Amino acid sequence: MKEYSGSLAGVPWRGYLCERPEDLNRFMEWVEAQRGTVCFDTETQGLKIYSTGPGFLRLAQFGTATEAWVIPVELGPAFRTAATRALRRLPSLTGHNVIGFDGLVVDEHLGVKLEEFCPKTQDTMITAKLLDPRSPEAGGMGAKLKPHSAYFIDPSAPDTEEGLTEVFRELGYTKKSGLGWIHIPWNHPTYVEYAMLDVILGSRLLVAHMAEIERRGVRRALIDYEREISRMCAIMTRAGMYVDDEYTATQYGVLDAEVSKYLAVAERYGVTSVNSPAQVASALQAMGETLTKKTKSGKSLSVDGSVLRRLADVTDKWERIGSRTPNPLANAVLRATRAGKWKTTYLDTFLHERDPRGYIHPNIQTLEARTGRMSITKPAVQTLPSGDSMIRRCLLAEPGHVFVSVDFQAVEMRVLAALAGVKKMKAALIAGEDLHGYTASLVFGPDYTPAHRKVAKGIGLGKVYGGGADHVAGQTGAPVADVRRAMATYDSVYPEIKQASNRWQREARQQGLVTVSATGRHLPLDRERMYAVVNYQCQSAARDVLGQALIHMDEKGLLPFLRLPIHDEVLASVPRGEAEEVAREIERCMTFDLMGVPIISEAEVGGRSWGSLYGADF
DNA sequence: CTTCTCACG
DNA sequence: ACGTACGTGAGAAGT
């Protein structure tokens, strides 16, 4: 046994590194004596839980506010058994991102399943996000352990992540290679000390977060609710999705050929890098085109898709417009960049993220956006192209299964109607009217045209996003003056939207620029964009409508079928013979009343590939 | 690291 | 006083 000690915020701590099997006896005695919440953390060979061999889990750490134990699982079966038994015996656990990462690690590498682990585990990532959901870039604290330790425990607490990176550098490993996490000796003093500090800090952080949540009046029920969401999403990550490698390789070749073909065309016009906006802009000007649109920063001429499509005379669905002679360079740049992006961003990631069984395990961050929305990375399966089935066809349901996708119908508009109490909108939704058609009839009269309906829909979306007439006009193609007039009528028909916006803004100012969502989330606003409160309220409540639906699905035993949450949709892998029945059950879980407004959903049953739901045959 | 672009809801 | 499109992840180029 090697002993460590130190002090945080003036309170001393002691740490114990179990070096020999006999050291584990004292650890197990300590485990048996624990009655309170113990912080758990792991050190691993990186982040690829499913693609690394049995040596992936290196250290398992357990700690209270003043005491830490490090179990080097890699030393052999006795250590492994001790860590496993501790996880099973300890009555209450906590940790930082412990459900989304360490829980998956012990599920896969120690056989302590998420179903057993999660119900007794708190996660300080959740409390951190409930206190401030903003990233550092957005002016928040972020959710990393370091800023939280510094703010809530001890400003001089070491940055263990940064500190280890430094140690790795001294040992000759670059940060990017990740080799430090694999090769640093299990008993390296800094590695061990920081492993201990992480659980001591994590243990103290839970107490500090709970006190702060109480102090600020953040709704406590959100903590347990978010833990359930986090557990369900971890179970979806564990299930993963199968990659059709044969099909993926074929499409890789198709896209490669497309890239080569159009790179050659671009080169004829002097463009050697189609991803260089500066090169593309000057080459287009040399061909006699006039560019007027500026980029967001105003520093350069924009050559984004909308500009290039106009020059190439194609719509966003590649249909000829017929308003001019297509510019061949614009066409080549569009085609080459799209094919290149699809190849590298999607196909490459599918192949690289695959585990030995051929499955990807998308990482679901359950509280990532500042509105509480989820995000998914590695791969970013929320953002696969939807206008073409090519990319989604790479992903398959389980053998013998088909994909079922269930969408909420216009959920953000319904949430707006509910939260803002928009009388006529609510009445129309209760009556089962086509909302945008109904709005068009109010704004343009009973003889409204499809173009009128499109404008009405655009204005509705503009209200949810806080957009103005210029943007709605740009999106719908209607003249700005017409849109302006229609928006004025819209406001008089649905006056409660503006009233709610004013009320939310006033209340947010009283709360220190924080708006409280319908479910009790505290969402900080930016002083110069207070109008965004309407969007924050709608987006955040819509996220919780999905969260509530997920809870319904778990209660009905549907969780094993679920694969992904996608904002207003869930994707499920279901045995072919039960697909229709399960689709209807998921629909029911996604159907309920929100403050007098019906929230409804619609299921689609596809084939084995995800692409089958996007126009492909299988 | 920032800027630009593009994929999604 | 007035009006403001919202939220993400990811890759390539260039500083």
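Biologist: What makes the pair formed by a base nitrogen of DNA strand C and the side chain of H471 a polar contact?

Modeller: A polar contact is a pair of N or O atoms within 3.5 Å; within protein, one must be able to donate a hydrogen and the other to accept it, and residues adjacent in sequence count only if both atoms are side-chain atoms. The base nitrogen of DNA strand C is 2.8 Å from an N or O atom in the side chain of H471, so this pair counts as a polar contact. This is a predicted model, in which local features need pLDDT of at least 70 and side-chain atom pairs count only at pLDDT 80 or more, while totals for chains, interfaces and linings use all residues. Side-chain values use heavy atoms, with hydrogens and water left out.

Biologist: Which polar contacts involve a phosphate oxygen of DNA strand C?

Modeller: One phosphate oxygen lies 2.9 Å from an N or O atom in the side chain of R529, and a phosphate oxygen is also 3.1 Å from a polar backbone atom of K378. Among the elements that give two or more residues to the surface near DNA strand C are helix 14 (328-353), strand 10 (375-377) and helix 22; helices (H or I, at least four residues) and strands (E, at least two) are DSSP runs, numbered from the N terminus.

Biologist: What makes a residue count as near DNA strand C, and how many residues surround the strand?

Modeller: A residue is near a strand if one of its heavy atoms lies within 4 Å of it. DNA strand C is surrounded by 29 residues, and the closest are Y465, H471, R529, Y531 and Y536. Of the DNA atoms within 4 Å of the protein, 67% belong to sugar or phosphate and the rest to bases.

Biologist: Why is helix 22 called mostly covered?

Modeller: Buried means under 20% relative accessible area, exposed over 50%, and partly exposed in between (1.4 Å probe, protein chains only). In helix 22, 19 of its 23 residues are buried. The helix, residues 533-555, reaches 33 Å from its first C-alpha to its last, close to the 33 Å expected at 1.5 Å a residue, the expected span being 1.5 Å times one less than the number of residues.

Biologist: How do you know that C233 is in no disulfide, and why is C233 called buried?

Modeller: A disulfide is a pair of cysteine sulfur atoms within 2.5 Å, and a search of the whole structure finds 0 disulfides. For C233, the nearest cysteine sulfur, that of C118, is 11 Å away. C233 counts as buried because its relative accessibility is 1%, and C394 likewise counts as buried, at 0%.

Methods
Residues are numbered from 1 along each chain as its sequence is written. Chains are lettered from A and ligands numbered from 1 in the order in which they are written.
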